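This report describes a protein chain for a reader who has its sequence and structure at hand. Please keep both in view while reading.

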Amino acid sequence: MSVTVETATVESPASSISTFMVLLVSAVALFFAYWKISRRRFLQLAEKIPGPKGYPIIGNALDFLGSSSQVTDRMIQIGFQFTTIAKVWILHKLVVFIADPRDIELILGNSTHLEKSEEYRFFKPWLGDGLLISSGQKWKSHRKLIAPTFHLNVLKSFVDLFNANSRAVCDKMAKENGRTFDCHDYMSECTVEVLLETAMGVSKKTQNKSGFEYAMAVMKMCNILHLRHSKVWLRPDWLFNLTKYGKEQVDLLDVIHGLTKKVIKNKKEIISSGTKKYIEESVTQEEKAIASTPVKGLRDDLDEQDENDVGQKKRLAFLDLMIESAQNGVVLTDEEIKEEVGTIMFEGHDTTAAGSSFFLCLMGIHQKYQDMCVQELNQIFGDSDRPATFADTLEMKFLERCLLEALRMYPPVPVIARKLAEDLTLASTGVVIPQGTTIVVSTVKTHRLEEHWPNPDVYDPDNHLPEKAAERHYYSFVPFSAGPRSCVGRKYALLKLKIILSTILRNFKVHSDISEDEFKLQGDIILKRADGFMIRLEPRKKTVAA
């Protein structure tokens, strides 16, 4: 009798791992093949778009590693290499940069492509679905509601506040005593305090500690947003939330949202008691005519509203209008009011702080133009030390051209990103950009195209003479964006900057020991100088009264 013994084959751990890896690689290869086939048309169209060579799978992602200034330098190099259109791949994501004004018009001037790119999601914890991020009917209705709060009569009512804050920042900078310092710190604090008073109605008398903490929190939140755009590992929410920046953001938003809710509550109680602070018609027809934007590239629907506005109307400032609209049945919740207040605080603060800082640096370098600005101011004010009036700002023609030239060469918003809702055929080349692409308007590059700006790298305020502006393409100068999503606070920003900067120039002679060639730029959300906005101030003989 024989017994047959069967032996079971036991697979070794190494063999199991090997089998698993084969299956995993096969699955990944199959998925990649399916993904390529499903996106065949997308990839075929992308192949026809010029751009730097990338690596398999990661594309050009390595170009976006490093410090913000290093990434900015690489993007500028790509811009010079490929002129008005360039594509980059960031992993599976196609990003196309455009600079030709004819192509920009197809994006900014078209109501089809109003959706912001997904990078704007970093703003959501702070701004929610405010005007910067929202789209569709919500965006349209809120913009229509907010626009009147930037009417000329409302802006004119802010002039005294602009003057008081301008005087305050001059007093603070005077303490530098001729030392070289970073003026952006002062400009940032000044613009936040101006917004606290004008947008939220938090006056200096009532600001106390909470107002100061709010201002500091806004500035620190902006720094965190800059970091998330420039540091790849901070982009995933789950990873960001584990870092010290994620925890700091929670604390900062507690301060920001806490004060906003408190102010809204107080305003509601005041309005409910029957006390409303209406702003009466005060802009004369002559002032309105002069204030009509002479720079063709800056005109938008808000200019038409001001020009076609006739008759006496009672107007409300920003927060008052938001609250009254909510109480009068307009669908606007406390949460939405909070979001729009946050949006105004962000958009009105960091951009104007950067723009004014670049202006001061350029005045320090180009002494000839600074002297011409001061000569113009002397003609307006004479020997008087009185503060500026609304009418005075309309006479600051040369200072305005100097400011616009600073915004041309160093636009605070260096790129504007949108997500394509449908295929787009570029007017400049006929190249088709596929639906779903993130398309980026490269404002910095557009503002330096030689066919629209002779000697584009030379600071020349005469670029903005009315006759020269009339000859240029409308979309060749877009420091405040353009089209349906143009900046609703453009006139507010220009008026505020003219008063702040004219007050500084009347009080100080500005010096800079660094030439433009030595500027180290960094551009993530807002264009700034990585080396700081270093200037020196020399007091002039007279002092401007607030």
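## Overall organisation

In the protein chain, 78% of the contacts with a separation of 6 or more are between residues 24 or more positions apart. The model is a predicted one, and the statements below should be read in that light.

The protein chain contains 22 helices and 11 strands. Of its 546 residues, 54% count as buried. The accessible surface of the protein chain comes to about 25300 Å², and carbon and sulfur atoms account for 56% of that surface.

## The nonpolar cores

The largest nonpolar core has 126 residues. Within this core, the residues that touch the most other members are Phe123, Trp126, Met187, Phe346, Phe359 and Leu360. Helix H16, which covers residues 334–365, gives the most to this core, with 13 residues. Another core, of 23 residues, lies apart from it; Leu43, Trp89, Leu94 and Leu426 are among its members.

Phe123 serves as an example from the largest core. When residues up to four places away in sequence are not counted, Phe123 touches Gly128, Leu132, Ile133, Leu225, His229, Phe346 and Ile525. One of these contacts, Phe346, is also named among the residues of the core that touch the most other members.

## A residue of helix H16

Leu362 is found in helix H16. Is Leu362 buried or exposed? Its relative accessible area is 0%, so Leu362 is buried.

Which residues does Leu362 touch, not counting residues up to four places away in sequence? They are Ala406, Tyr410, Tyr459 and Glu516. Leu362 can also be compared in position with Leu403: the two are 41 residues apart in sequence, and their C-alpha atoms are 9.6 Å apart in space.

## Cysteines

A disulfide is a covalent bond between the sulfur atoms of two cysteines. How many disulfides does a search of the whole structure find? The search finds zero.

Two cysteines illustrate this result. Cys170 is in no disulfide, and the nearest cysteine sulfur, that of Cys190, is 8.6 Å away. Cys170 has 0% relative accessibility and therefore counts as buried. Cys361 is likewise in no disulfide; here the nearest cysteine sulfur belongs to Cys183 and is 4.8 Å away. The cut-off for a disulfide is a pair of cysteine sulfur atoms within 2.5 Å, so a distance of 4.8 Å does not qualify. Cys361 is buried as well, because its relative accessible area is 0%.

Definitions and conventions:
Residues numbered from 1 in each chain as written. Predicted model: local features only at pLDDT ≥ 70, side-chain atom pairs only at ≥ 80, totals over all residues. Heavy atoms only, no water. Core = buried A, V, L, I, M, F, W, Y, C linked by side-chain atoms within 4.5 Å. Buried < 20%, exposed > 50% of the residue type's maximum accessible area, 1.4 Å probe, protein only. Helix = DSSP H or I, 4+ residues; strand = E, 2+ residues; numbered from the N terminus. Contact = heavy atoms within 4.5 Å. Areas by Shrake-Rupley, 256 points an atom, 1.4 Å probe, with all protein chains shown as cover.
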